[in-house]
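I opened this model to look up a few things: the overall make-up, the cores, the empty spaces and some single residues. My notes follow in the order I took them.

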Amino acid sequence: MTPLWIRRLTAAVSAASAVAAASLAAGAIAWLPASQFEFTVTANALSLYWTAALYGAVVLLLAGLFGAYRRRWVAAVAGVVAAAIAFVLAVVQQAGSLSGFQFTVEYLGYYFFVLAGLIVATPTLGILVHRWVLGLFRGQGGRVVLVRAPSSVLGEGIVTNIARTEVDIEKADEQWDAYVAAFTIAGWQTVEVESADRLPDGVFVEDAAVVISPGIALITRPGAPERRAETASVADRLRSLGLTLYDVEEPATLDGGDVLRVGDVFYVGRSSRTNAAGVRELRELVDDLGAGTVVAVPVAGALHLKSVATALPDGTVLVAPGTIDPTFFAGALVVPEAAGANLVILDESTVLLPASAPGTKALVEDLGYAVVTVDLSEFEKVEGSTTCLSIRLG
């Protein structure tokens, strides 16, 4: 995998170059009609403009290395600062090359469209290019899935909506191995999070983070205080893979199992584990990053939203019978078994389902999908499900 500093440098250089090119294009487009479409005159003007664009690109390169593209408003500020510095340096350079040079306000007009291009393109084109380049690196290593081995005290995990029964740890280990193998066979690169044997629910890594877009993740603040120690090691692993991380802040609580992404819509369960402040924080971050929209869904009688609703590759949401209102989703299908509402997409034509949902397996196969099943009975005893055992970055 390409080193993190190379990925960040390449993304920052690409974004800065794209913004500089856009600012030069803005100057050329504005100058052409002013020069009555005399291309020679426009070329002379661009020879003046390129220095301002270059200075702006250098400033934006440095800003990008320090995270200017993480949030749109920060990128907007960086664009304004880059434009101001570029203008000052360009004028200083021109003053040094011309004898008897005197600065007038007219010079601001000369550079106006180039400076405006820097300001406008940084929080728009710059962010798009930055994310796109990071996404290329993400694809370089193939689809990545994070997992964590079960704790020896898995049976002590929190149980909220079902009666507690004894967990067979040895069998759970075998089931987890089969679960991980399903990803490997499907072409995923599995990356293990540091083991946490003292944390019974640590195997359910999904609750510790929400992937917002390629290269960006939100580290959650679980609704159960006992589970908050799980997030640090997940954050460390995601950081080592080059992701930019944000954190849910107190008093907000948010579990990753409550966030279902379908296209550019983030459905977030308002459950016993995710409070209203957590929904707001997710909504603000998704909106700020321009990653989509957030739709809140009331959840009662289930641990998480994704315990009772997940989506097929075509966007159809499978909903557990007698749980949430399927009309919350653009397209939904009620499945025969509650466990069948929790699936993992392995690729565009293949999904992973628990062995405890044979009726749903037949239904999904009838819709034209290949279905891989894995026995998760020991995890289901502590309200675990197919999605919660992994964080998928692909």
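Entry 1, a loop glutamate. I count two residues as being in contact when they have heavy atoms within 4.5 Å of each other. The model is predicted, not an experimental structure. On that contact rule, and leaving aside neighbours within four places in sequence, I find E230 touching R148, L199, D201, G202, F204 and A208. E230 sits in the loop between β4 (216-219) and α6 (231-240). I looked up whether this loop residue is buried or exposed. E230 has 4% relative accessibility, so I enter it as buried.

Entry 2, the chain as a whole. I counted 9 helices and 15 strands in the protein chain. The chain has 394 residues, and buried residues make up 50% of them. I then took the contacts with a separation of 6 or more and asked what share joins residues 24 or more positions apart. The share is 69%.

Entry 3, the nonpolar cores. In soluble globular proteins, nonpolar side chains tend to be buried together. I therefore looked for such groups here, on the basis of that tendency. The largest nonpolar core holds 27 residues, and L60, Y69, Y111 and L118 have the most contacts inside it. At least two residues of this core come from each of α1 (4-34), α2 (39-65), α3 (72-97) and α4 (106-140). Helix α3 supplies the largest share, 8 residues.

I followed L60 further. Setting aside neighbours within four places in sequence, L60 is in contact with A16, V19, Y69, A78, G79, A82, L118 and T122. Another core, of 26 residues, lies apart from the largest one; V262, V297, V308 and A341 are among its members.

Entry 4, F87. This residue is found in helix α3. F87 counts as buried because its relative accessibility is 14%. I also checked its separation from A52, which is 35 residues away along the chain. The C-alpha atoms of F87 and A52 are 6.0 Å apart.

Entry 5, T310. I placed T310 in strand β9 (residues 309-311). T310 has 2% relative accessibility and therefore counts as buried. Which backbone atom does the side chain of T310 reach? It is the backbone oxygen of A341, at 2.6 Å. A341 was also listed above, in the core of 26 residues. Leaving aside neighbours within four places in sequence, the contacts of T310 are L260, T316, V317, L318, A341, N342, L343 and T387.

Entry 6, the empty spaces. Rolling a probe the size of a water molecule over the atoms shows where empty space is left. My search of the whole structure gave 2 cavities of 30 Å³ or more. The largest cavity has a volume of about 120 Å³. It is lined by 19 residues, of which D207, R227, L303, H304 and E383 are the closest to its centre. By class, I noted 5 nonpolar, 7 polar and 7 charged residues in that lining.

I also looked at the second largest pocket, which holds about 340 Å³ of space. Its lining has 17 residues, and S307, A338, A339, E383 and G384 are the closest to its centre. The classes in this lining are 7 nonpolar, 8 polar and 2 charged.

Entry 7, E383 and the backbone. E383 appears among the residues closest to the centre of the largest cavity and among those closest to the centre of the second largest pocket, so I looked it up on its own. E383 lies in the loop between α9 (377-380) and β15 (391-392). At 13% relative accessibility, E383 counts as buried. Most residues other than glycine have a negative phi, and most peptide bonds are trans. The phi of E383 is near 60°, a positive value in a residue other than glycine.

I then noted a peptide bond of the other kind. The bond from E250 to P251 is cis, with omega near 10°. P251 is in the loop between β5 (244-247) and β6 (259-262).

Entry 8, an exposed glycine. G368 is in the loop between α8 (358-366) and β14 (370-374). G368 counts as exposed because its relative accessibility is 64%. G368 and S349 are 19 residues apart in sequence, and their C-alpha atoms are 7.8 Å apart in space.

How values were computed:
Residues are numbered from 1 along each chain as its sequence is written. This is a predicted model: local features need pLDDT of at least 70, side-chain atom pairs count only at pLDDT 80 or more; totals for chains, interfaces and linings use all residues. Side-chain values use heavy atoms; hydrogens and water are left out. On a 1 Å grid over the protein atoms alone, a cavity is a set of points where a 1.4 Å probe fits but cannot get out, and a pocket is an open set with protein on both sides within 12 Å along at least five of seven lines; lining residues have an atom within 4 Å of a point. Grid points are joined across faces, edges and corners, and a volume is the space filled by probe spheres set on the points. Ala, Val, Leu, Ile, Met, Phe, Trp, Tyr, Cys and Pro count as nonpolar, Asp, Glu, Lys and Arg as charged, and the others, Gly among them, as polar. A nonpolar core is a set of buried Ala, Val, Leu, Ile, Met, Phe, Trp, Tyr and Cys residues joined through side-chain atoms within 4.5 Å. Buried means under 20% relative accessible area, exposed over 50%, partly exposed in between (1.4 Å probe, protein chains only). A polar contact is a pair of N or O atoms within 3.5 Å; within protein, one must be able to donate a hydrogen and the other to accept it, and residues adjacent in sequence count only if both atoms are side-chain atoms.
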